[in-house]
Amino acid sequence: MFIPGLFAVLLAWVVFSGSVMAGETKELMLAVYSVPKEAYERTIIPAFQRSWKQRTGQDVRIRSSYGASGAQARAIIGGFDADVAALSLEGDLDQIAKAGLISHDWRTGPHKGMISASVVALGVRKGNPKGIKVWEDLAKPGVEVLYPNPKTSGGAMWDVVAIYGAGLKLAEQQAGAGKRPSAESAEAVAAGLLKRIQKNVKVMDKSGRESVTTFERGVGDVIVTYENELLPRIKSHRPYEIIVPDETVWIENPVALIDRHVDRHHVRDIAEAFVSFLHSEEAQAAFAELGFRPMGQAAAQAPAHTSLPLPSQLFTIADLGGWEKISTTLFGPRGAWTTIVEDLARGK
Amino acid sequence: MTRRLFIGSVWFYFALLLIGPILYLAVQSFDEGIAAFWREVTKPEALHGFMLTLEITAIVLVMNLVFGTITALVLVRQHFTGRTILSGVIDLPFSVSPVIAGFMLILLFGPETILGTFFGTLGVKVLFAMPAMVLATLFATFPFVVRELTPLLQTIGTDTEEAARTLGANEWQVFLKVTLPMLRWGFVYGATLTVARAIGEFGAVLVVSGNILMLTQTATLHIYQSYVDFNYVGANAVALTLLAVSFAILTVLELAKAKTAATLT
Amino acid sequence: MATYTLLQLALRSAAIGYVSLLILFPLAAIAHQSFIGGIDHFIEDISTPQASSALVLTLEAAFLTTVINALFGTLSAIVLVRYEFPGRWFLNALVDLPFAIPTLVTGLMIAAIYGPTTILGMWLQEGNITLLYAKPGIVLAMLFVTMPFTIRSLQPVLMELEREQEEAAFSLGASPWTTFWKVTVPSVLPGLLTGVFLTFVRALGEFGSIVIVAGNIPMKTQVASVYVYGEIESYNPQGATSVSVFILLISFLVLVLLERLTRPPGERMPRWFRWSKRPLPMIHPSEIG
């Protein structure tokens, strides 16, 4: 009758709309974290399509999704059939691998699978009214600090790591030349700094991007975020200044193709080509445009084609024991950051 | 006079809570001029978003009208065990946060699940495609039509329908020619609220759609994307457009009501 | 016990089936996730310092929202029904708007208008009034999204409230006060309760607007829905679903209580309340053709 017929039509419409399908055009699905969207959409994706067409005569359509790194990882684990994942944290790619979707060792690529790099930096209002110069300034009373919630934002994890690591570096400096502080005392200094800065945090957005938009709405005196988030905003004439502390962490962002999906979609060749394209000069230039640092700068592997000086006390995530260790010691249920937040709430 | 005080307080309440923020939104969306507003509202991503929202809303509207009516009829006219639970469950979608609404769809249709693999073998994508987006919106809009129809059905009773039956009409005729017309306004209200709510659905769809550019970005997801791209004018412009559409629908409804009431008196 | 035709049974199965598939089944999946480790784990999950603070904050804020919206909603409903004034159609059309506004936009609007960049925001700062990124901001967001409920639940009732009943009571010698308590309130109470309870339930689940204006500092300004989001994002789905199930249980109990309270004495059926604003035009049998 009429009603069942209507249902059949509806069902068909729902099921088949949006399901693209085959034909001559191959399709590649990208899941990227939110920050480098412009680089991908404006430069990298069109350039890759041109180069692929030149090389193989084939047209490839590229679908892309941009969102928080962790959310993208979870979506992929939950069934989002991205062919390539370019995320902010290696930990997120590891989660995807743990779910069985990535079966190759993505760390064997050039630069250990990393395609973009930056550092954690501070953004202040034009004229730097609160006189922020070093990390300790963020702990001063009356200074409002912004960074997102590490539970939901990969960027925030980098930020907290930067503060904690800076604290460790400061402990070293306090101990004096030639002397090394004990692990406990260094950790105490680091935790103390983190606590005093966290105390000045009144707003924790759920992603790095949202944190910057909150800052742009006039909230907060100083924002802790990726340097490559601040540089383009300043380039767009926003009234901010950027301060890169001497002690900060070297950020590297990985990429990997998702084996299960590329094999299901028969696009392995395209995906591999895309991943290596991300290492190419063209792609790297696009990242540099957006304020990323050259890949080898920290390890002084490549000549520094950049006007961005290397921070003198730069450290890497490896110096702190790696992401596995940090996820528990800093962000775990009994981690340093978690305890700090709870203590602050209790007024301790 | 209390009358002045009351009316004034209500205007104040509405202004503070509703009118003020919306006006501010309107002003912000024209921050860079009318040309910029127009450009943002007509660019491909925005248009795709509008189209997608329209599609989802249309499907959801039809589903809700059909199943909402059936549910209302069954709730009011039939007595059976479990009726209390059924009626208590209907309003639950209001209290489910969109994060959970999206998450539960992933729990149900994810790759390792029965339903997920079932649809997978059929070649049908549920999650990160239209079906999941429609399901999420269906979940959020379910209460509206039911809640509009149940009191009506209660007030109307079955007398007129019985009368029609004794006059020789069959079930289908009774339904089409007696029941449906009497429920007309319930449908109109339910449809209006469903459409308004479907247009505004955001959180759950964000989780289950994959947020794929030019493929699964509804109008509200496009607003979010614009916002995190620092394109505030774009975000505000599209938001204002959505609001204007909803407000237009609501106003038309008000005017239609007023006209009908006028012709009846 | 009435006998039902095949058609009626088919409709009943369709209704139950649809509601089960759409609402019960998915919610059961959430419940399953939260009880995977047993009841002890569930209790543990909702009693962690962060979870319990979030729950308490959410319940407090929702309660406050309900009280405020009950007051202003009742006032608005009375004004919109009983008084004629210019612009009444405008306010009437506005009432439903919060349903249509994406919660993201609500949050952004509130954050913008009360934030440091506007005159209003700066004025608040001068007066040392913190609205945003504090508890008042949470209540504000909740007020916005729950605004329609009380108004829309009360309006039809107020309209149907027979003026004749009130006038009859008057003519029989009852004082305005007696009329109010013995005639008006009992008729209006079910509608009021519906609006109030729905407001509470809706406020419990709000996320999109609160996450933007609240500040989200754990154990200070983090509501349950934001806590849940954080747990999902940090690979603790069990903790997330436990807290959600707890909120759902509270909501379900509230809704069941509402049904009991609005059941007219002597009737087995609850009195359903319409969301419409005026008596609906009825069709006379003679018009059916």
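1. On one side of helix 9 of chain B, in what is a predicted model, the residues B:Trp172, B:Leu176 and B:Leu180 are exposed. The buried residues of this helix are B:Val174, B:Val178 and B:Met182, and because they fall within an arc of 35° when helix 9 of chain B is seen down its axis, they line one face of the helix. An α-helix has 3.6 residues a turn, so residues three or four places apart point the same way.

2. What covers the buried residues of helix 9 of chain B? The cover includes helix 7 (130-156), helix 8 (159-166) and helix 10 (184-200), each of them also in chain B. As for its length, helix 9 of chain B has 12 residues (residues 171-182), which at 1.5 Å a residue should span 16 Å, and its end C-alpha atoms lie 15 Å apart, so the two values agree.

3. Turning to chain B as a whole, a reader will find 13 helices and zero strands, so that the elements, followed from the N terminus on, are α throughout. The C-alpha trace of chain B spans about 70 × 65 × 30 Å along its principal axes, and 54% of the 265 residues of this chain count as buried. Among the contacts in chain B between residues at least 6 apart in sequence, 76% join residues at least 24 apart.

4. Chain B also touches chain C, in a contact that takes 84 residues from chain B and 80 residues from chain C. On the side of chain C that touches chain B, helix 1 (residues 6-34) of chain C gives the most, with 17 residues, and by class the residues of that side divide into 63 nonpolar, 11 polar and six charged.

5. For chain A, the domain assignment gives domain 1 (17-115 + 253-289) and domain 2 (117-251 + 305-346), and the C-alpha centres of these two domains of chain A lie 29 Å apart. The contact between them takes 13 residues from domain 1 of chain A and 15 residues from domain 2 of chain A.

6. Which helices of chain A each supply at least two residues of the side of domain 1 that touches domain 2? Helix 3 (69-77) and helix 4 (90-98) of chain A do so, and helix 4 of chain A gives the most to that side, with three residues. By class, the side of domain 1 of chain A that touches domain 2 of chain A has five nonpolar, six polar and two charged residues.

How values were computed
Residues numbered from 1 in each chain as written. Chains lettered and ligands numbered in written order. Predicted model: local features only at pLDDT ≥ 70, side-chain atom pairs only at ≥ 80, totals over all residues. Helix = DSSP H or I, 4+ residues; strand = E, 2+ residues; numbered from the N terminus. Buried ≥ 20, exposed ≤ 12 C-beta atoms within 10 Å, placed from the backbone. Contact = placed C-beta atoms within 7 Å. Expected span 1.5 Å × (residues − 1). Arc of directions from axis to C-beta. Nonpolar A, V, L, I, M, F, W, Y, C, P; charged D, E, K, R; others polar. Domains from an automatic or database assignment.
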